[in-house]
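Subject: Structure handover

Dear colleague,

I am passing on the structure we spoke of, with the sequence alongside it. Please open both before reading on, since my notes refer to individual residues.

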Amino acid sequence: MIPAMDHVDRILDQWHRERPDLDLGPMGLIGRLTRLVTHLMREMEKTFAAHGLAYPSFDVLATLRRSGPPYALSPGDLMATTMVASGTMTNRIDQLEKSGLVQRRPNPQDGRSVLIALTDQGRRVIDAAVADHVATQKRLVGHLSAAEQTALDTLLRDFLAGLDPAP
């Protein structure tokens, strides 16, 4: 069965008409990925907002939570994991600290530096938020079979491996 035309197909048809000399295959793929990310982020942002968070704050809290006890990392480690600049990370940490979700603690291994640690409140918030986030993600991919999810995951991993430097 041929799937119905989507928004990207209509754009590709216009470009085929205007520029038949171009290979538009990658445009279709990237256009669909872009639209997909927009839809996914819109839904996930609703989940984050239900917990008083936005994606950037969720990202910091989730990074701290998944790091394991004592749920504390240096600002540099947070920057490396979340791939944001120093000023951006400082702003995120400041906002989370004002909200009582993280605190700056002296680094016991280096008295000149600090660690960013989840507070008890921060841990409660991220534990609830991540549970709802996983449920949202499950709902978002629920129309795909388990085999389709696995196949898509494999394709996207391969695609990303060609763009991301090796870990």
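What follows is a short account of what was found, moving from the annotated span to the core, two buried residues and the salt bridges.

Please keep in mind that this is a predicted model. The UniProt record, an unreviewed entry, lists residues 26-161 as "domain: HTH marR-type"; in the model that span is 70% helix and 12% strand, and its end C-alpha atoms lie 17 Å apart.

The largest nonpolar core has 23 residues, and those with the most contacts inside it are L53, L61, L64, L78 and V102. Two or more residues each are given to this core by α2, α3 (55-66), α5, β3 (110-118) and α6 (120-141), with the largest share, 5 residues, coming from α3. Taking L64 as an example and leaving aside its neighbours within four places in sequence, one finds that its contacts include Y71, L78, V102 and I116.

Two buried residues deserve a separate look. T47, which is found in helix α2 (residues 25-49), counts as buried because its relative accessible area is 9%, under the 20% cut-off. The side chain of T47 makes a polar contact of 2.6 Å with the side chain of T136, and T47 also touches A129, D132 and H133, again not counting residues up to four places away in sequence. R92, in helix α5 (residues 86-98), is buried yet has no salt bridge, the nearest side chain of opposite charge being that of D59, at 4.4 Å. This separation does not qualify because a salt bridge requires the nitrogen and the carboxyl oxygen to be within 4 Å. R92 nevertheless touches D59, along with P56, V60 and V84, if residues up to four places away in sequence are not counted.

The salt bridges come to a count of 12. One of them joins the side chains of D127 and R65 at 2.6 Å, N to O, and this pair links distant parts of the chain, with D127 in helix α6 and R65 in helix α3, 62 residues apart. D127 is partly exposed, with a relative accessible area of 28%, and R65 is likewise partly exposed, at 23%. R104 forms another with D94, the closest N and O atoms being 2.7 Å apart; here R104 lies in strand β2 (residues 102-107) and D94 in helix α5, 10 residues apart. Finally, D6, D9 and R32 are joined into one network by salt bridges that share partners.

With best regards

Technical notes
Residues are numbered from 1 along each chain as its sequence is written. This is a predicted model: local features need pLDDT of at least 70, side-chain atom pairs count only at pLDDT 80 or more; totals for chains, interfaces and linings use all residues. Side-chain values use heavy atoms; hydrogens and water are left out. UniProt positions are given in the numbering used here, feature names are shortened, and annotations may be inferred rather than shown by experiment. Helices (H or I, at least four residues) and strands (E, at least two) are DSSP runs, numbered from the N terminus. Buried means under 20% relative accessible area, exposed over 50%, partly exposed in between (1.4 Å probe, protein chains only). A polar contact is a pair of N or O atoms within 3.5 Å; within protein, one must be able to donate a hydrogen and the other to accept it, and residues adjacent in sequence count only if both atoms are side-chain atoms. Contact means heavy atoms within 4.5 Å. Lys and Arg count as positive and Asp and Glu as negative; His and the chain ends are not counted. A nonpolar core is a set of buried Ala, Val, Leu, Ile, Met, Phe, Trp, Tyr and Cys residues joined through side-chain atoms within 4.5 Å.
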